[in-house]
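Let's take a walk through this fold together. Keep the picture open and follow along one stop at a time.

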Amino acid sequence: MLLEKGPLTHLDDSGNPNNGLEHDLLQLFGEELGVPVRFITSPRNTFAQQIRQGGYHIAAGWLSPNSDSSSVSSAPLFSTYDLLVQDDASLPLTDLAQLADKTVHVLAGSRQAQTLRQLAEKIPGLTVVAVDRSDILDLLDEVGDHKISYAAMDSRLEDLASQYIPSLRSTLTLSEAAPIVWQLGAHPNPELQARLDEFIHRVRADGTLSRLEERYFGHVHRLTPLDIEKFQTAIERTLPRLRRFFQDAERQTGIDWRLIAALAWQESHWDPFATSYTNVRGMMMLTEDTADRLKVSNRLDARESILGGARYLNILREGLPPDVPEPDRTWLAIAGYNLGPGHLNAGRSIARQMQADPNAWVDMRRILPLMAKPEYYSRLKSGRARGGEAVIMTENIRSFYDILMRREAPLPSDPLAALNDTQKSLSISPAPRSGQGIKP
């Protein structure tokens, strides 16, 4: 399988179980065929050439059908279109004619570059600048930083891009809807092509495709631009003096320090003296009982609180059954951080009763809010729970974590800590056996 790295296809992060939407679909297709899948990743600047050269069975890179028919396309997976984006402080363009005498930047070799070249033939003075970037988000950063005025991107990136660049606004549709397909080369195996099209039609119909979209992008709609701006300001001003505490917590637990920092921001906005009306306190908002069990002597000490919160998250994660996969295991553990393990297990029980998957976050985020309804919590020993609040918290943390992964480097390899960098992004080391069963 030939893959181009990109936010909609393949994240190319060996330590992150989130390998990408199209990557996971190809993996599912291989499992259906009963054959191992070998992925060959390619940078953008050589991807089109590799497609033409062949040597693969399927190529994926958020592709539309080739206009020159040099490669056979699969049945459509998704539908998308091209958007113009600009900074929200600039006067919005709302009509294609307003592109006259404007300069628009696009990624070289992208569908957007082709769209803009076609528009330039009709719109006087429209200048298209194709830039060689490995990541569309790098180009969009330049719009947010006012280095360029306009850029073009795929519509499916709109919410994701706004999460990183809150001042970004899509103002103008540049193209009609286009299908997203996989390429099979000039002379594909007919049986493989038939099996692939059958697979695509089925995953579109049975909800598999929608579930994968939710897995990767279901959390990016919640934060407001103000939420993101406030967080990014805190990254610049507050995080530098806390970074070493979060990194120490990773060294002790194996949890990516950026995930711990995202959890701490959601809990307290990195305020070591935060206190709630229920008397949970400190950076990680630990209860007094939990702090005692984790040997946290001072909840208002930032370092102690961060280490205690990371250890507690580790315990929750390791308390889940061994068949819960990543990244669902981590998202469920974070929900349990808010709810407590008893309520989380009760929610998983409700999921089983409703023929939902208790191991899948995409199902549990729908089930947990039901625990505030009498017809559900009246049957539970654990009683009523604010499951909807836990879902919001978890989805927000996912977004904050995304932002931190883009802006902050992972912990450098430390031989003294005996950590393997390939396991850091969402890999959690085993919890201390003495801590099993700790409850908030």
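**Starting at a helix cap**

Asp 301 caps the N-terminal end of helix H12: one of its side-chain oxygens lies 3.2 Å from the backbone nitrogen of Arg 303. Before going on, you should know that this is a predicted model, in which local features need pLDDT of at least 70 and side-chain atom pairs count only at pLDDT 80 or more, while totals for chains, interfaces and linings use all residues. Residues are numbered from 1 along each chain as its sequence is written, and side-chain values use heavy atoms, with hydrogens and water left out.

A word on names: helices (H or I, at least four residues) and strands (E, at least two) are DSSP runs, numbered from the N terminus. Now, does H12 have the span you'd expect, and what is that span? The expected span of a helix is 1.5 Å times one less than its number of residues. For the 17 residues of H12 that should give 24 Å, and the end C-alpha atoms are 24 Å apart, so the two agree. H12 is also largely enclosed by the rest of the structure, because 13 of its 17 residues are buried. Here buried means under 20% relative accessible area, exposed means over 50%, and partly exposed is in between (1.4 Å probe, protein chains only).

Follow the chain out of H12 (302-318) and you get to a loop that leads to helix H13 (328-339); Asp 323 sits in it. Asp 323 counts as exposed because its relative accessibility is 53%. Leaving aside its neighbours within four places in sequence, Asp 323 is in contact (heavy atoms within 4.5 Å) with Arg 329 and Asn 359. Asp 323 and Asn 359 are 36 residues apart in sequence, yet their C-alpha atoms are 7.7 Å apart in space. Their side chains make a polar contact at 3.3 Å. That term stands for a pair of N or O atoms within 3.5 Å; within protein, one must be able to donate a hydrogen and the other to accept it, and residues adjacent in sequence count only if both atoms are side-chain atoms.

The loop between H12 and H13 also holds Pro 327. A cis peptide bond joins Glu 326 and Pro 327, with omega about 0°. Most peptide bonds are trans, and most residues other than glycine have a negative phi. Asp 101 is not a glycine, but its phi is positive, about 65°. You'll find Asp 101 in the loop between strand S5 (82-87) and S6. His 146 has a positive phi of about 65° as well, although it is not a glycine; look for His 146 in the loop between helix H4 (136-144) and strand S8 (150-154).

On to the strands. Two of them pair if DSSP finds at least two bridges between them. An open sheet of five strands, with mixed pairing, runs in the order S2-S1-S3-S10-S4. Its edge strands are S2 (40-42) and S4 (78-80), each pairing on one side only. Inside this sheet, S1 (residues 2-4) and S3 (residues 59-63) pair in the parallel sense over two bridges, and Leu 2 has Ala 59 as its bridge partner in S3.

Elsewhere, S6 (residues 103-107) and S7 (residues 127-131) run parallel, joined by five bridges. One bridge pairs His 105 with Val 129 in S7.
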